[in-house]
Amino acid sequence: MQKKYGTGDHYAPDKPRKAPVDAVDTKILRFLINNARMPFLEIARECGISGAAIHQRIRKLEEWGVILGSRLVVDPKMLGFDVCAYISISLQDPMMLNQTMEKLRQIPEIVECHFITGTYMILVKMYCLDNEHLMHTIFDGVLRIHGVTATQTYISLNEAFSRQVNIDKLK
């Protein structure tokens with residue numbers, strides 16, 4: 001979700017408010033983060049509450065936006081996507097951020113897009129079949145977006161690990 005301030009077309013995200021998560025909610029989240037397919041009744045037994053209470057709490061966590069859904073995780077390399085690249089993108093005008101992000105959304109190889117600080121304004125993560133596919137995606141996709149002035153590409157040689165946020169610090 002985004003807000004617009006004044007008359008400009010710039011990106012300003014809504015500041016999310018922190019959800020009032022208690023110790024039981026944290027325990028539920030820990031089970032679901034470790035195994036999203038864990039049956040709710042098993043979670044209920046582990047938490048010492050009823051199955052109905054688990055359903056209510058999970059629905060509440062979804063309504064608050066704490067749980068955004070569950071998904072199947074596919075290994076891109078096993079499907080032949082041998083190149084993972086991160087591309088930093090500069091824009092000629094910061095007012096073009098929203099429209100640029102929408103254009104980037106239309107490039108199917110891009111799986112993540114972040115508004116960042118520093119020299120560049122945008123960081124994207126993409127998967128390509130090979131270096132030639134990456135080159136075509138950059139030159140025929142990213143660099144053809146009106147307002148993109150520069151890019152810097154980083155190729156990931158290997159993903160050492162990927163994980164969910166650590167909720168152990170929650171009180």
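This is a short walk through two helices, the cysteines and some salt bridges in the structure above. Keep in mind that we're looking at a predicted model.

Let's start with helix H5, residues 131-140. Which residues of H5 are buried? They are His133, Leu134, Thr137 and Ile138. Those residues span an arc of only 130° around the axis, so they sit on the same side of H5. Turn to the other side of H5 and you find Asn131 and Glu132 exposed. As for what covers the buried residues, that includes strands E3 (83-91), E5 (122-128) and E6 (148-156). One detail at the start of H5: a side-chain oxygen of aspartate 130 comes to within 3.2 Å of the backbone nitrogen of glutamate 132.

Helix H4, residues 97-105, has Leu97, Asn98, Thr100, Met101 and Leu104 buried. Looking down the axis of H4, you see the buried residues fall within an arc of 165°, so they line one face of the helix.

H4 also has a salt bridge, between arginine 105 and glutamate 102, with the closest N and O atoms 3.4 Å apart. Both lie in H4, three residues apart, about one turn of the helix. That spacing makes sense, because an α-helix has 3.6 residues a turn and residues three or four places apart point the same way. Arginine 105 is exposed at 63% relative accessible area, while glutamate 102 is partly exposed at 40%.

Now, how many salt bridges does the structure hold? Eight. Another one pairs aspartate 25 with lysine 60, closest N and O atoms 3.3 Å apart. This pair links distant parts of the chain: aspartate 25 is in helix H1 (residues 23-34) and lysine 60 in helix H3 (residues 51-63), 35 residues apart. Aspartate 25 is buried, at 0% relative accessibility, and lysine 60 is partly exposed at 23%. There's a network here, too: salt bridges link Asp22, Asp25, Arg57 and Lys60.

Then there's glutamate 159 with lysine 125, where the closest N and O atoms are 3.8 Å apart. Glutamate 159 lies in the segment after E6 and lysine 125 in strand E5, so the pair ties together parts 34 residues apart in sequence. Lysine 125 counts as buried at 9% relative accessibility; glutamate 159 is partly exposed at 44%.

Last, the cysteines. The structure has zero disulfides. Why is cysteine 128 not bonded to cysteine 84? Their sulfurs are 9.2 Å apart, too far for a bond. Cysteine 84 is buried, with a relative accessible area of 9%, and cysteine 128 is buried at 0%.

Methods
Residues numbered from 1 in each chain as written. Predicted model: local features only at pLDDT ≥ 70, side-chain atom pairs only at ≥ 80, totals over all residues. Heavy atoms only, no water. Buried < 20%, exposed > 50% of the residue type's maximum accessible area, 1.4 Å probe, protein only. Helix = DSSP H or I, 4+ residues; strand = E, 2+ residues; numbered from the N terminus. Arc of directions from axis to C-beta. Contact = heavy atoms within 4.5 Å. Polar contact = N/O pair within 3.5 Å; in protein donor to acceptor, adjacent residues only side chain to side chain. Disulfide = S-S within 2.5 Å. Salt bridge = Lys/Arg side-chain N within 4 Å of Asp/Glu carboxyl O.
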